[in-house]
Amino acid sequence: VEVPVCIDIDLATEFPGLYFGVRRSPLRTPVDVIELSRRIAAAKNVRLAGVMGYEAQIAGLPDNAPGQRVKNAFIRFLKRRSLADFRKRRADIVQAIRDEGIELEFVNGGGTGSVETSIEEECLTEVTVGSGFFAPLLFDWYQSCRHLPAVGYAIEITRIPAPGIYTCHGGGYVASGTGANMAPRPFLPEGAALLPLEGAGEVQTPVRYDGSETLDLGDPIFMRYAKAGEMCERFNLLLAIQGGAVVAEYPTYRGEGQVFL
């Protein structure tokens with residue numbers, strides 16, 4: 001038996017007092033990777049098939065968030081500095097492996113938030129685009145990304161505690177990470193908004209709305225996820241809608257009986 005394996009490299013950039021990226025791997029330099037690749041080559045039952053590196057500080061960090069002009073400018077500056085750093089390191093790592101006589105089947109990188117920069121790297125053979133197909137809320141706040149919302153979920157109005165306040169059942173599907181940007185938000189009807197002191201909750205989600213639509217008990221409020229992965233953890237089916245009608249149903253991996261986390 002010979003099992004193909006992939007090396008995960010760390011593409012974070014270390015600035016003085018700041019680790020800009022995510023902690024995924026201890027392998028940061030060509031020397032680190034060559035040492036491991038030689039061990040793999042010497043093993044009987046594994047072979048090195050590929051290399052992956054996720055530039056999370058580019059792909060997963062919004063840089064055009066509303067009301068955060070100074071922070072956005074700082075993040076863009078860090079992104080430019082980091083981009084030059086990890087591009088060279090990744091290319092050097094891939095070349096070092098090839099200099100060892102190892103032919104890689106793939107070199108994976110990127111994410112939805114970094115597609116525009118990742119596709120410029122000659123050493124990459126593939127770029128990961130997952131959430132981009134759904135265009136969740138988080139990608140509204142990227143300077144480089146311009147995608148139309150493609151997916152959401154509905155929560156039912158079960159109580160009307162005050163004029164203009166519609167309390168829905170459940171709905172608190174918060175995405176992984178930190179900060180208010182990880183919370184879902186109302187999408188339709190236009191003008192609906194969460195209450196700042198309650199937000200989206202496990203048991204209930206109150207929504208403020210004073211628009212032109214008439215809302216009543218049993219009506220849906222349509223929400224958007226901040227990210228796309230959690231959506232497939234929560235629901236069994238994705239319903240494809242065209243022209244106001246459901247035209248297809250697609251099971252999520254949860255709907256197929258798969259649980260990965």
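# Reading helices, sheets and cores

Tutor: Let us begin at the end of a helix: Gly101, which follows α3, has a positive phi, near 85°. The model is a predicted one.

Student: How many residues does α3 have, and how far does α3 reach from its first C-alpha to its last?

Tutor: Helix α3 has 31 residues, and its end-to-end C-alpha distance is 45 Å, close to the 45 Å expected at 1.5 Å a residue.

Student: Before we take single elements further, what does the secondary structure of the protein come to?

Tutor: There are 5 helices and 14 strands. Along the principal axes, the C-alpha atoms fill a box of roughly 70 × 45 × 30 Å. Of the 261 residues in the protein, 40% are buried. Among contacts with a separation of 6 or more, 62% are between residues 24 or more positions apart.

Student: How should I read the faces of a helix such as α1? Which residues of α1 are buried?

Tutor: The general idea is that an α-helix has 3.6 residues a turn, so residues three or four places apart point the same way. Helix α1 spans residues 30-42. Its 13 residues reach 18 Å from the first C-alpha to the last, close to the 18 Å expected at 1.5 Å a residue. The buried residues are Val33, Ile34, Ser37 and Ile40. Viewed down the axis of α1, these buried residues fall within an arc of 120°, so they line one face of the helix. On the other side, Val31, Arg39 and Ala42 are exposed.

Student: What covers the buried residues of α1?

Tutor: The cover includes β1 (3-9), β4 (46-53) and α3 (69-99).

Student: Where does Leu36 lie, and what is Leu36 in contact with beyond its neighbours within four places in sequence?

Tutor: Leu36 belongs to helix α1. With a relative accessible area of 32%, Leu36 is classed as partly exposed, because that class lies between the 20% limit for buried and the 50% limit for exposed. Beyond its neighbours within four places in sequence, Leu36 is in contact with Ile7 and Leu27. Leu36 and Ile7 are 29 residues apart in sequence, and their C-alpha atoms are 8.5 Å apart in space.

Student: How does one read a nonpolar core? Which residues of the largest core touch the most other members?

Tutor: In soluble globular proteins, nonpolar side chains tend to be buried together. Here the largest nonpolar core has 21 residues, of which Ile7, Ile9, Val33, Leu48, Ile97 and Leu104 touch the most other members. Two or more residues of this core come from each of β1, α1, β4 and α3. Helix α3 gives the largest share, 6 residues.

Apart from this core lies another, of 17 residues, including Tyr173, Ala192, Val207 and Tyr225.

Student: Ile9 was named in the largest core. Which residues is Ile9 in contact with, leaving aside its neighbours within four places in sequence?

Tutor: The contacts of Ile9 on that count are Ser25, Leu27, Val33, Val51, Met52, Gly53, Tyr54 and Ile93.

Student: How is the order of strands in a sheet read? What is the order in the open sheet of 6 strands?

Tutor: Strands of a sheet pair through backbone hydrogen bonds, either parallel or antiparallel. In this open sheet the order is β9-β12-β7-β8-β11-β10, and the pairing is antiparallel. The strands at the edges are β9 (185-188) and β10 (193-194), each of which pairs on one side only.

Student: How many bridges join β10 and β11?

Tutor: Strands β10 and β11 (residues 204-208) pair in the antiparallel sense over 2 bridges. Within that pairing, Ala193 has Arg208 of β11 as its bridge partner.

Student: And how is a hairpin read? How many residues lie between the strands in the hairpin of β13 and β14?

Tutor: Strands β13 (residues 237-242) and β14 (residues 245-251) run antiparallel and are joined by 6 bridges. One of the partnerships sets Leu238 against Tyr250 of β14. The hairpin has 2 residues between its strands, and Gly243 takes a positive phi near 60°.

Student: Finally, how many disulfides does the structure hold?

Tutor: The structure holds 0 disulfides. Cys6 is in none, and the nearest cysteine sulfur to its own, that of Cys123, is 13 Å away. Cys123 is likewise in no disulfide. The 13 Å between these sulfur atoms does not meet the criterion, because a disulfide requires them to be within 2.5 Å.

Student: Are these cysteines buried or exposed, or in between?

Tutor: Cys6 counts as partly exposed, at 38% relative accessibility, whereas Cys123 is buried, at 13%.

Technical notes. Residues are numbered from 1 along each chain as its sequence is written. This is a predicted model: local features need pLDDT of at least 70, side-chain atom pairs count only at pLDDT 80 or more; totals for chains, interfaces and linings use all residues. Side-chain values use heavy atoms; hydrogens and water are left out. Two strands pair if DSSP finds at least two bridges between them. Helices (H or I, at least four residues) and strands (E, at least two) are DSSP runs, numbered from the N terminus. Buried means under 20% relative accessible area, exposed over 50%, partly exposed in between (1.4 Å probe, protein chains only). The expected span of a helix is 1.5 Å times one less than its number of residues. The arc is that of the directions from the helix axis to the C-beta atoms. Contact means heavy atoms within 4.5 Å. A nonpolar core is a set of buried Ala, Val, Leu, Ile, Met, Phe, Trp, Tyr and Cys residues joined through side-chain atoms within 4.5 Å.
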